[in-house]
Amino acid sequence: MSSLRLISSAARRAASFSLARRGYADISDKLNLSLALPHKTIFNSTNVVQVNIPAESGDMGILSNHVPSIEALRPGVVEVIESNGTQKFFVSSGFATVHPNNKLTINVVEGAPLEEFSIDAVRLNLQEALKVAAGSGSEAEKLEARIEADVYESIQHALAK
């Protein structure tokens with residue numbers, strides 16, 4: 001009999017306990033975006049529709065009501081979709097933090113609008129970085145050149161889209 005009282009008591013408590021429910025993003029909901037470099041702020045608490053990021057775990061699209069998370073960024077394109085258009089920025093690395101209440105903070109080491117890159121200059125710099133990486137320099141120089149080549153390959157891929 002005492003176990004029955006325990007179960008019914010737990011059932012009554014469970015019925016009165018409510019959990020916050022998550023749902024799909026509403027088109028009228030906006031995402032509050034802050035995108036910053038060490039020397040410059042690109043977006044400061046700006047309302048946007050969606051942000052696509054190059055997370056280490058894979059590309060992610062972030063809308064309002066997204067689950068809070070922290071994502072490391074790999075070299076790639078951050079795409080900001082606003083009501084009146086889209087802006088694309090190439091970033092070298094950084095972190096994106098999705099906060100509760102529709103807030104997204106992105107801090108990057110280096111970044112620039114994608115249209116500021118020249119495909120010819122990227123190809124030339126990529127070739128030079130690959131030569132240094134394959135050359136007879138020190139291991140540190142080769143490793144630095146390989147990282148540089150990886151970033152140029154990411155820029156080249158982004159510009160080809």
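This is a conversation between a trainee and a mentor about a predicted model of one protein chain.

Trainee: What should I keep in mind about the numbering and the model before we start?
Mentor: Residues are numbered from 1 along each chain as its sequence is written, and side-chain values use heavy atoms, with hydrogens and water left out. Since this is a predicted model, local features need pLDDT of at least 70 and side-chain atom pairs count only at pLDDT 80 or more, while totals for chains, interfaces and linings use all residues.

Trainee: How many helices and strands does the protein chain have, and what makes a stretch count as one?
Mentor: Helices (H or I, at least four residues) and strands (E, at least two) are DSSP runs, numbered from the N terminus. The protein chain comes to three helices and 10 strands, and from the N terminus on, the elements run α-β-β-β-β-β-β-β-β-β-β-α-α.

Trainee: How do you know that the length of helix α2 agrees with what is expected?
Mentor: The expected span of a helix is 1.5 Å times one less than its number of residues. Helix α2 (residues 119-134) has 16 residues and should span 22 Å, and its end C-alpha atoms are 22 Å apart, so the two agree. For the 22 residues of α3 the expected span is 32 Å, and the end C-alpha atoms of α3 are 31 Å apart, which agrees as well.

Trainee: Why is Phe-89 called buried?
Mentor: Buried means under 20% relative accessible area, exposed over 50%, and partly exposed in between (1.4 Å probe, protein chains only). Phe-89 has 5% relative accessibility and therefore counts as buried. Phe-89 is found in strand β7 (residues 85-91), and, leaving aside residues up to four places away in sequence, Phe-89 touches residues including Leu-35, Phe-43, Val-78 and Pro-113, where a contact means heavy atoms within 4.5 Å.

Trainee: Why is Asn-101 called exposed, and what is notable about its phi?
Mentor: The relative accessible area of Asn-101 is 75%, so Asn-101 is exposed. Asn-101 has a positive phi of about 65° although it is not a glycine, and Asn-101 lies in the loop between β8 (94-99) and β9 (103-108). Asn-102, in the loop between β8 and β9, has a positive phi of about 60° and is not a glycine either.

Trainee: Which residues of α2 are buried, and how do you know on which side of the helix they lie?
Mentor: In α2, Val-122, Leu-126 and Ala-129 are buried. They cover an arc of only 70° around the axis, which puts them on the same side of α2, the arc being that of the directions from the helix axis to the C-beta atoms. An α-helix has 3.6 residues a turn, so residues three or four places apart point the same way. On the other side of α2, Asp-120, Leu-124, Glu-128 and Lys-131 are exposed.

Trainee: What covers the buried residues of α2 and of α3?
Mentor: For α2, the cover includes α3 (139-160). In α3, the buried residues are Ala-145, Ala-149, Tyr-152, Ile-155 and Ala-158, and what covers them includes β6, β7 and α2.

Trainee: How much of the protein chain is buried?
Mentor: Buried residues make up 30% of the 161 residues in the protein chain.
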